[in-house]
Amino acid sequence: MLGLRYFVCERCDSVHSGLEEPAACARCAAVAFAELPAGTGADAYFTRGLRGDR
Ligand SMILES: [Zn+2]
């Protein structure tokens, strides 16, 4: 919607959303991320960890 992108930490699987890849994972400080392709279930993946948010 706003061009948000999703990045999954390769160490702890924490999902970060943003316009750019984070410099480091907020949870474990790893710097390796796998970007989730836009429009391929990224939203579902992201909200899975935020069940009940809406
Ligand atoms: Zn991490």
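Me: What percentage of the 54 residues in the protein chain is buried?
Reply: The model considered here is predicted. A residue is called buried if 20 or more other C-beta atoms lie within 10 Å of its own. In this protein chain of 54 residues, the buried share is 7%.

Me: Which pattern does the protein chain follow when read along the sequence?
Reply: The secondary structure consists of one helix and three strands. Read along the sequence, these elements give the pattern β-β-β-α.

Me: In what order do the three strands stand in the open sheet?
Reply: β2 (15–18) and β3 are at the edges, each with a single partner strand, so one side of each has no neighbour in the sheet. The pairing is antiparallel, and neighbouring strands are turned by 30° against each other on average, direction ignored. The order is β2-β1-β3.

Me: Which residue of β3 stands opposite V8?
Reply: Strand β1 covers residues 5–9 and runs antiparallel to β3, with four bridges joining the two. Opposite V8, the residue in β3 is A34.

Me: Is P37 buried or exposed?
Reply: P37 lies in the loop between β3 (33–36) and α1 (42–48). A residue counts as exposed if 12 or fewer other C-beta atoms lie within 10 Å of its own. Because P37 has 9 such atoms within 10 Å, P37 is exposed.

Me: What distance separates the C-alpha atoms of P37 and Y6?
Reply: Along the chain, P37 and Y6 are 31 residues apart. Their C-alpha atoms are separated by 7.8 Å.

Methods: Residues numbered from 1 in each chain as written. Predicted model: local features only at pLDDT ≥ 70, side-chain atom pairs only at ≥ 80, totals over all residues. Pairing = 2+ DSSP bridges. Axes fitted to C-alpha atoms, helices over the stretch in contact; angles between N-to-C directions.
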